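Visitor: Please take one part of this model and look at it closely. I would like a connected account, from the local contacts out to the whole fold.

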Amino acid sequence: KSTRVLYLHGGLHLVKKLITQAADILKPGSYLILEMDTRQVEPITEFADNHEFDVIETHPFTIVLLRK
């Protein structure tokens, strides 16, 4: 059962939860650096932009976010 949780919402459920919680905790100007599958970078970029983060850099397997 635990592996099924990781694949909810295209496998992005936990990453989206982390971004949402980080927006509440991090001060503006703080960085959030995430490692993920290259197929997840685009949807996470869009999600982060709508949840108080600017996308600073994207690389294969890495995304750098800045808290707005």
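Guide: Start with Ser30. Leaving aside residues up to four places away in sequence, Ser30 touches Leu65, Leu66 and Arg67. The model is predicted, so read every value as computed from it. Ser30 sits in the loop that runs from helix H2 (13-25) to strand S1 (31-35). A polar atom of the Ser30 side chain lies 2.8 Å from the backbone oxygen of Lys27.

Next comes S1 itself. In a regular strand the side chains alternate between the two faces of the sheet. S1 shows this alternation: Leu32 and Leu34 point to one face and are buried. Tyr31, Ile33 and Glu35 point to the other face and are not buried. Tyr31 is exposed, because its relative accessible area is 53% and the cut-off is over 50%. Tyr31 also joins Ile33 and Ile56 in a nonpolar surface patch of about 330 Å².

Now the pairing. S1 runs antiparallel to strand S3 (residues 62-67), with five bridges between them. Leu34 has Ile63 as its bridge partner in S3. Ile33 has Val64. Val64 is also the S3 bridge partner of Glu57. On that side, strand S2 (residues 53-59) pairs with S3, again in the antiparallel sense, over six bridges. S2 and S3 form a hairpin with two residues between the strands. There, Phe61 takes a positive phi near 75 degrees.

How enclosed is S3? Five of its six residues are buried, so S3 is largely enclosed by the rest of the structure. Arg67 counts as buried, because its relative accessibility is 14% and the cut-off is under 20%. This is one of the residues that Ser30 touches.

Arg67 also has a charged partner. Its side chain meets that of Glu52 in a salt bridge, 3.6 Å from N to O. Glu52 lies in the loop between helix H3 (41-49) and S2, and Arg67 lies in S3, so the pair ties together parts that are 15 residues apart in sequence. Glu52 is partly exposed, with a relative accessible area of 41%.

Lys68 makes a salt bridge too. Its partner is Asp54, with the closest N and O atoms 3.8 Å apart. This pair links distant parts of the chain: Lys68 is in the segment after S3, Asp54 is in strand S2, and they are 14 residues apart. Salt bridges that share partners join Asp49, Asp54 and Lys68 into one network. Lys68 is partly exposed at 37% relative accessibility. Asp54 is partly exposed as well, at 32%.

Another salt bridge joins Asp37 and Arg39, whose closest N and O atoms are 2.9 Å apart. Asp37 is partly exposed at 27% relative accessible area, whereas Arg39 is exposed at 68%. The count of salt bridges comes to four.

Finally, step back to the whole protein. It has three helices and three strands. Along the sequence, the pattern reads α-α-β-α-β-β. Of the 68 residues, 31% are buried. Among contacts with a separation of 6 or more, 54% come from residues 24 or more positions apart. The accessible surface is about 4,800 Å², and carbon and sulfur atoms hold 55% of it.

Methods
Residues are numbered from 1 along each chain as its sequence is written. This is a predicted model: local features need pLDDT of at least 70, side-chain atom pairs count only at pLDDT 80 or more; totals for chains, interfaces and linings use all residues. Side-chain values use heavy atoms; hydrogens and water are left out. Helices (H or I, at least four residues) and strands (E, at least two) are DSSP runs, numbered from the N terminus. A polar contact is a pair of N or O atoms within 3.5 Å; within protein, one must be able to donate a hydrogen and the other to accept it, and residues adjacent in sequence count only if both atoms are side-chain atoms. Contact means heavy atoms within 4.5 Å. Patches are made of residues with over 30% relative accessible area and no salt bridge: like charges are joined within 9 Å, nonpolar side chains (Val, Leu, Ile, Met, Phe, Trp, Tyr) within 5 Å. Accessible areas come from the Shrake-Rupley method with a 1.4 Å probe; for residues, only the protein chains shown count as cover. Buried means under 20% relative accessible area, exposed over 50%, partly exposed in between (1.4 Å probe, protein chains only). Two strands pair if DSSP finds at least two bridges between them.
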